[in-house]
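The exercises below are meant to be worked through with the sequence and the structure side by side. Each one sets a task and is followed by a solution that goes step by step.

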Amino acid sequence: MLALGKITQRYIVWIAFVLVFTLLASVALHKGSVQSPDTGSFISWANILIKHKFNFFVFFTESHSIDSGYSVSKSFFYIVPVTIIAALKSIFIDHWVPAFQVSNLIALFFTLFFYVKIALHLEIQKWLISASLLTFLICVDYLLWPKYILTDTLFSFFVMYSIYAVTTQTHNDFRSYILIIASSALLLFARPSALPVFAVILFFSFSPKFSQMILTTKTLFIRLIVLTFISALLFSLVIM
């Protein structure tokens with residue numbers, strides 16, 4: 001019993017991680033896959049991409065519209081999930097829907113994984129990390145969206161990985177900057193609302209001293225209001 005207690009104490013974070021992921025995955029699999037009107041747009045864009053044999057230049061230069069009224073040009077900020085759907089449809093044919101649900105669960109797994117890695121890197125106490133993981137079980141987004149054929153779960157993964165890349169970056173390490181740029185690009189092309197997050201990640205990555213100055217306690221409230229306003233402005237420009 002003493003040995004078991006020591007093992008539990010040592011690996012309590014990863015035990016909580018496995019438990020939380022298993023429960024969230026069970027909820028998603030129990031409910032089955034769900035589609036929404038936006039899913040139809042992604043499927044139509046994916047079919048067009050397949051028709052052009054993944055030629056993105058031809059894909060973006062086509063001007064015709066799909067059933068939902070969205071033109072192909074509007075898929076620019078959704079090209080990552082559209083490409084994933086197109087690839088799954090090409091590989092798994094009629095079984096691409098369960099394959100997409102598996103990809104959602106993989107994204108969920110790594111969202112939780114990188115959350116834990118960030119917390120461990122920041123040297124947060126293990127019992128606190130374990131307790132915070134349990135909050136995912138009462139988070140509506142993680143209970144709801146993994147079963148949907150939408151971008152939400154993938155977007156959550158890209159955001160968490162980008163935060164991980166920024167948090168763990170080594171100063172003047174070229175590889176760190178490459179990872180940040182790559183993850184930011186995936187984030188940007190996952191959905192339109194990523195633009196403010198994209199801007200903030202690049203800001204904290206390439207202007208560490210200036211960003212630390214912004215977040216000093218003096219006049220922090222005013223500075224956060226300004227940053228919030230800029231982020232809201234960027235988001236409004238994207239959805240116009």
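**Exercise 1.** Which are the buried residues of α3? Find them in the model, which is a predicted one, and then work out what they pack against and how the span of α3 compares with expectation.

*Solution.* Begin with the list itself: T39, S41, F42, I43, S44, W45, A46, I48 and L49 are the buried residues of α3, and a residue counts as buried when its relative accessible area is under 20%. Next, look at the surroundings of these residues, which pack against α4, α5 and α6. Then turn to the span: α3 has 15 residues, which should cover 21 Å at 1.5 Å a residue, and the end C-alpha atoms lie 22 Å apart, so the two values agree. Finally, step just past the end of α3, where K53 has a positive phi of about 55°.

**Exercise 2.** Place α3 in the whole protein by stating how many helices and strands there are and what share of the residues counts as buried.

*Solution.* The count gives 13 helices and zero strands, and reading along the sequence therefore yields the pattern α-α-α-α-α-α-α-α-α-α-α-α-α. For burial, 38% of the 240 residues of the protein fall into that class. A last step concerns contacts along the chain: when residues at least 6 apart in sequence are considered, 69% of their contacts join residues at least 24 apart.

**Exercise 3.** Describe α5 by its span, its buried residues and the elements that cover them.

*Solution.* Helix α5, residues 79-92, is made of 14 residues, and the distance from its first C-alpha to its last is 19 Å, close to the 20 Å expected at 1.5 Å a residue. The buried residues of α5 are I79, V80, P81, V82, I85, A86, L88 and K89. Their cover includes α3 (37-51), α4 (56-61), α6 (96-121), α9 and α10. After α5 comes I93, whose phi is positive and near 50°.

**Exercise 4.** At what angle do the axes of α5 and α6 cross, and which residues make the contact?

*Solution.* Two packed helices are described by the angle between their axes and by the distance between those axes. Here the axes of α5 and α6 come within 9 Å and cross at roughly 130°, which makes α5 oblique to α6. The crossing in which α5 passes α6 is right-handed. On the α5 side the contact is made by I84, I85, L88, K89 and F92, and on the α6 side by W96, A99, F100 and S103. Sorted by class, these residues are seven nonpolar, one polar and one charged.

**Exercise 5.** Are α9 and α10 roughly parallel or roughly antiparallel to each other? Support the reply with the crossing angle and the residues that meet.

*Solution.* The axes of α9 (residues 152-167) and α10 (residues 174-188) come within 9 Å and cross at roughly 160°. Angles over 145 degrees count as roughly antiparallel, and α9 and α10 are therefore roughly antiparallel to each other. The crossing of α9 past α10 is left-handed. From α9, the residues F155, F158, V159, Y161, S162, A165 and V166 meet L179, I180, S183, S184, L186 and L187 from α10. This contact of α9 with α10 holds ten nonpolar, three polar and no charged residues.

**Exercise 6.** Compile a short profile of S75, S103 and I106, giving the accessibility of each.

*Solution.* Start with S75, which lies in the loop between α4 and α5 and counts as buried at 0% relative accessibility. When neighbours within four places in sequence are left aside, S75 is in contact with W45, F59 and F60. The C-alpha atoms of S75 and P192 are 9.4 Å apart, although 117 residues separate the two in sequence.

Continue with S103, found in helix α6, where a relative accessible area of 16% makes S103 buried. Not counting residues up to four places away in sequence, S103 touches L88 and L154. Its C-alpha atom is separated by 9.3 Å from that of P146, 43 residues apart along the chain.

Finish with I106, which also lies in helix α6 but counts as partly exposed, at 45% relative accessibility. The C-alpha atoms of I106 and F157 are separated by 9.2 Å, with their positions 51 residues apart along the chain.

Methods:
Residues numbered from 1 in each chain as written. Predicted model: local features only at pLDDT ≥ 70, side-chain atom pairs only at ≥ 80, totals over all residues. Heavy atoms only, no water. Axes fitted to C-alpha atoms, helices over the stretch in contact; angles between N-to-C directions. Helix = DSSP H or I, 4+ residues; strand = E, 2+ residues; numbered from the N terminus. Parallel < 35°, antiparallel > 145°, perpendicular 65-115°, else oblique. Left-handed = near helix turned anticlockwise from the far one by under 90°. Contact = heavy atoms within 4.5 Å. Nonpolar A, V, L, I, M, F, W, Y, C, P; charged D, E, K, R; others polar. Expected span 1.5 Å × (residues − 1). Buried < 20%, exposed > 50% of the residue type's maximum accessible area, 1.4 Å probe, protein only.
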